[in-house]
Amino acid sequence: MLGWKGEDLSPKSDQAIVRYIQKVGEGKKTPNDGAFVKIHLVGQHDGKVFEERDLEFTLGEGEESGVVSGVEIALEKFKKMETSKLILKPQFAFGAEGKSELGVPANAVVEYIVTLKEFEREPDSWKLDDAERMEQAKLFKEKGTGYFKENKFKLALKMYEKSLSFLSSSDSQESKQSQLAVYLNKALCYQKLNDHDEAKDACNEALNIDKKSVKALYRRGQSRLSLGDFEKALEDFNAVREIEPENKAALNQATICKQKIKDYNEQQKKVFANMFTKFAKSDKQ
């Protein structure tokens, strides 16, 4: 729809991504997450162009090509050959850090002129048979592992989520084992990002599939230890040792947990002792 009024495309409808259509596109189809797109974009700040280029990439992996998240989100609403102006607030552009090499300062609102030249939608999961869904799941798992090895943990998590989306409709043993592997990989990514609550949740999902998964128990123990839940962490490491009595890593972690619990208990005794001393003094006054 052409006009002066922009269309709010932001996830929270807070005007953080606003589109002004300059040239209406063709047909009715739009790219979906995972679609392969070819675009031309021009980025501007304060009236100055800071980048102009043609590029092709997969939606959801734009970070790998230096595409800001606001452009990726907006592209899912574009039709083929559409040209639109996008106004992006910092959280969907370059954030609090800015992009010094492009001359974009911190917390900058930026403008992009984007043309969607071509796209190929990712296959819809419901249109695929079990073998095809499994193939897609493996593809995204491999992509995730590739990003993990490059320390691109957020991109890896996106790929693992995509993998799970193709596995969720099957109850086969192969699917369950693949889901288990993906949840374990997600847990490791979250641990690398120091998000131990999410890591613990991913381990819980893995343990719902295999309650004796040593990796899931060990990683959940690590996250519980990092979160200060020493008793629960000790339970996990002890569970690992029940399955693998010779597991030295679990033994070392259990020893750390026991020392943490001891230190905490001694600290609490001192706190209560000080409290009683203060109460005793106040009673005498």
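**View 1. Two domains and the distance between their centres.** In this predicted model, the C-alpha centres of domain 1 and domain 2 lie 35 Å apart. Domain 1 covers residues 7-120, and domain 2 covers residues 130-278. Where the two domains touch, eight residues from domain 1 and eight residues from domain 2 take part in the contact.

**View 2. The span annotated as PPIase FKBP-type.** Let us look at residues 34-120, where an unreviewed UniProt entry places the feature "domain: PPIase FKBP-type". How much of this span is helix, and how much is strand? The span is 8% helix and 44% strand. Its end C-alpha atoms, those of residues 34-120, lie 9 Å apart.

**View 3. The TPR repeats.** The unreviewed UniProt entry also lists the feature "repeat: TPR", at residues 137-170, 180-213 and 214-247. Residues 137-170 are 82% helix and 0% strand, with 11 Å between the end C-alpha atoms. For residues 180-213 the values are 79% helix and 0% strand, and the end C-alpha atoms are 9 Å apart.

**View 4. Helix H4 against helix H5.** Here you can follow helix H4 (residues 173-192) as it packs with helix H5 (residues 196-209). The angle between them is about 165°, and their axes are 8 Å apart. Are H4 and H5 roughly parallel or roughly antiparallel? Because angles over 145 degrees count as roughly antiparallel, H4 and H5 are roughly antiparallel to each other. The crossing of H4 past H5 is left-handed. On the H4 side, the residues that meet H5 include Leu180, Tyr183, Leu184, Ala187 and Tyr190. Among the H5 residues that meet them are Ala199, Ala202, Cys203, Ala206 and Ile209. Sorted by class, the contact of H4 with H5 has 10 nonpolar, three polar and four charged residues.

**View 5. Helix H6 against helix H7.** Further along the chain, helix H6 (residues 214-226) and helix H7 (residues 230-243) cross at roughly 160°. Their axes come within 8 Å. H6 is therefore roughly antiparallel to H7. H6 passes H7 in a left-handed crossing. From H6, the contact includes Val214, Leu217, Tyr218, Gly221 and Leu225. From H7, the partners include Phe230, Ala233, Phe237, Val240 and Ile243. Which classes of residue make up this contact? The contact of H6 with H7 has 10 nonpolar, two polar and four charged residues.

**View 6. Helix H4 beside helix H6.** This last view brings together two helices from the earlier legends. H4 and H6 pack at an angle of about 20°, and their axes are 10 Å apart. Since angles under 35 degrees count as roughly parallel, H4 is roughly parallel to H6. H4 passes H6 in a left-handed crossing. Leu184, Asn185, Leu188 and Gln191 of H4 make the contact with Lys215, Ala216, Arg219, Gln222 and Ser223 of H6. By class, the residues of the contact of H4 with H6 are three nonpolar, four polar and two charged. Leu184 is worth finding again in the fourth view, where Leu184 in H4 is one of the residues that meet H5. Gln222 likewise appears in the fifth view, as one of the H6 residues that meet H7.

Key
Residues are numbered from 1 along each chain as its sequence is written. This is a predicted model: local features need pLDDT of at least 70, side-chain atom pairs count only at pLDDT 80 or more; totals for chains, interfaces and linings use all residues. Side-chain values use heavy atoms; hydrogens and water are left out. UniProt positions are given in the numbering used here, feature names are shortened, and annotations may be inferred rather than shown by experiment. Helices (H or I, at least four residues) and strands (E, at least two) are DSSP runs, numbered from the N terminus. Axes are lines fitted to C-alpha atoms, for helices over the stretch in contact, and angles run from 0 to 180 degrees between N-to-C directions. Angles under 35 degrees count as roughly parallel, over 145 as roughly antiparallel, 65 to 115 as roughly perpendicular and the rest as oblique. A crossing is left-handed if the near helix is turned anticlockwise from the far one by less than a right angle, and right-handed if clockwise. Contact means heavy atoms within 4.5 Å. Ala, Val, Leu, Ile, Met, Phe, Trp, Tyr, Cys and Pro count as nonpolar, Asp, Glu, Lys and Arg as charged, and the others, Gly among them, as polar. Domain bounds come from an automatic or database domain assignment.
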